[in-house]
Amino acid sequence: MATRQLGRSIVLQSLYEWDFYGKKANLEKIISRNLDEFGPGMDEPDFARNLAKLVVEHMEEIDVTITKTAPEWPLAQISVIDRNVLRIGLTELLFANREEVPPKVAINEAIELAKNYGGPNSGKFINGVLGTIYREIGEPMKEHQKKDHDHNDDKNDDKT
């Protein structure tokens, strides 16, 4: 398993435990324990710590976004796994460095987490919610990719 993929899994496990205990446990201690247990010698342990920190910093905004995007699924009725997969995916989609984690990678990684840890329909649910948000925010990076493509076309025109 790739290092960042493992990091996301550890963040999911940690957020699950933290959420399960009503967010009263010390999340940093939970993450450290899970990194020691499930990711000994991991190349980028700070990736997991930073991701978890970003999730917590933006949780209120993320939860509002989930509620608006999936109004037929009140946050309390979304399974703990799916809720936290959405939080991780939205954190990477909306608040992470897009050069480091492109939006489509954030969505695909969240879908994989859902498929691995959630229920039989979790992947589809996560894909639907994150895909809707991705389109609503204007498909970031798509314009950047178009500019790169147009720029390369200009270079090719110069060669002819």
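## Exercises on a predicted helical model

Helix H1 (residues 3-20) and helix H2 (residues 27-38) pack with their axes 9 Å apart, at an angle of about 135°. The model is a predicted one, in which local features need pLDDT of at least 70 and side-chain atom pairs count only at pLDDT 80 or more, while totals for chains, interfaces and linings use all residues. Residues are numbered from 1 along each chain as its sequence is written, and side-chain values use heavy atoms, with hydrogens and water left out.

### Exercise 1

Classify the packing of H1 against H2 and describe the residues that form it.

**Solution.** Begin with the geometry: axes are lines fitted to C-alpha atoms, for helices over the stretch in contact, and angles run from 0 to 180 degrees between N-to-C directions. Angles under 35 degrees count as roughly parallel, over 145 as roughly antiparallel, 65 to 115 as roughly perpendicular and the rest as oblique. The angle of about 135° therefore makes H1 oblique to H2.

Next comes the handedness, which is right-handed for the crossing of H1 and H2; this term applies if the near helix is turned clockwise from the far one by less than a right angle.

Then list the contacts (heavy atoms within 4.5 Å): Leu-6, Ile-10, Gln-13, Ser-14, Leu-15, Glu-17 and Trp-18 in H1 meet Leu-27, Ile-30, Ile-31, Arg-33, Asn-34, Leu-35 and Phe-38 in H2. Sorted by class, this contact of H1 with H2 has nine nonpolar, three polar and two charged residues, where Ala, Val, Leu, Ile, Met, Phe, Trp, Tyr, Cys and Pro count as nonpolar, Asp, Glu, Lys and Arg as charged, and the others, Gly among them, as polar.

### Exercise 2

Determine the surroundings of Arg-87 in helix H5 (residues 80-94), and describe Lys-23, one of the residues in contact with Arg-87.

**Solution.** Arg-87 has a relative accessible area of 2% and is therefore buried, given that buried means under 20% relative accessible area, exposed over 50% and partly exposed in between (1.4 Å probe, protein chains only). The side chain of Arg-87 makes a polar contact with the side chain of Asn-84 at 3.1 Å; such a contact is a pair of N or O atoms within 3.5 Å, and within protein one must be able to donate a hydrogen and the other to accept it, while residues adjacent in sequence count only if both atoms are side-chain atoms.

Leaving aside neighbours within four places in sequence, Arg-87 is in contact with Asp-19, Lys-23, Val-55, Met-59, Ile-62, Asp-63, Ile-66 and Leu-75. Of these, Lys-23 is placed in the loop between H1 and H2 and is partly exposed, with a relative accessible area of 34%. Its phi is near 60°, a positive value in a residue other than glycine.

### Exercise 3

Is Leu-90 buried or exposed, and which residues does Leu-90 touch beyond four places in sequence?

**Solution.** Leu-90, which lies in helix H5, is buried, with a relative accessible area of 0%. Not counting residues up to four places away in sequence, Leu-90 touches Ile-62, Thr-65, Ile-66, Phe-95, Leu-130 and Ile-133. As a last step, compare sequence with space: Leu-90 and Leu-130 are 40 residues apart in sequence and 7.1 Å apart, C-alpha to C-alpha.

### Exercise 4

Summarise the protein chain as a whole.

**Solution.** The secondary structure comes to eight helices and zero strands, with helices (H or I, at least four residues) and strands (E, at least two) taken as DSSP runs numbered from the N terminus. Of the 160 residues, 41% count as buried.
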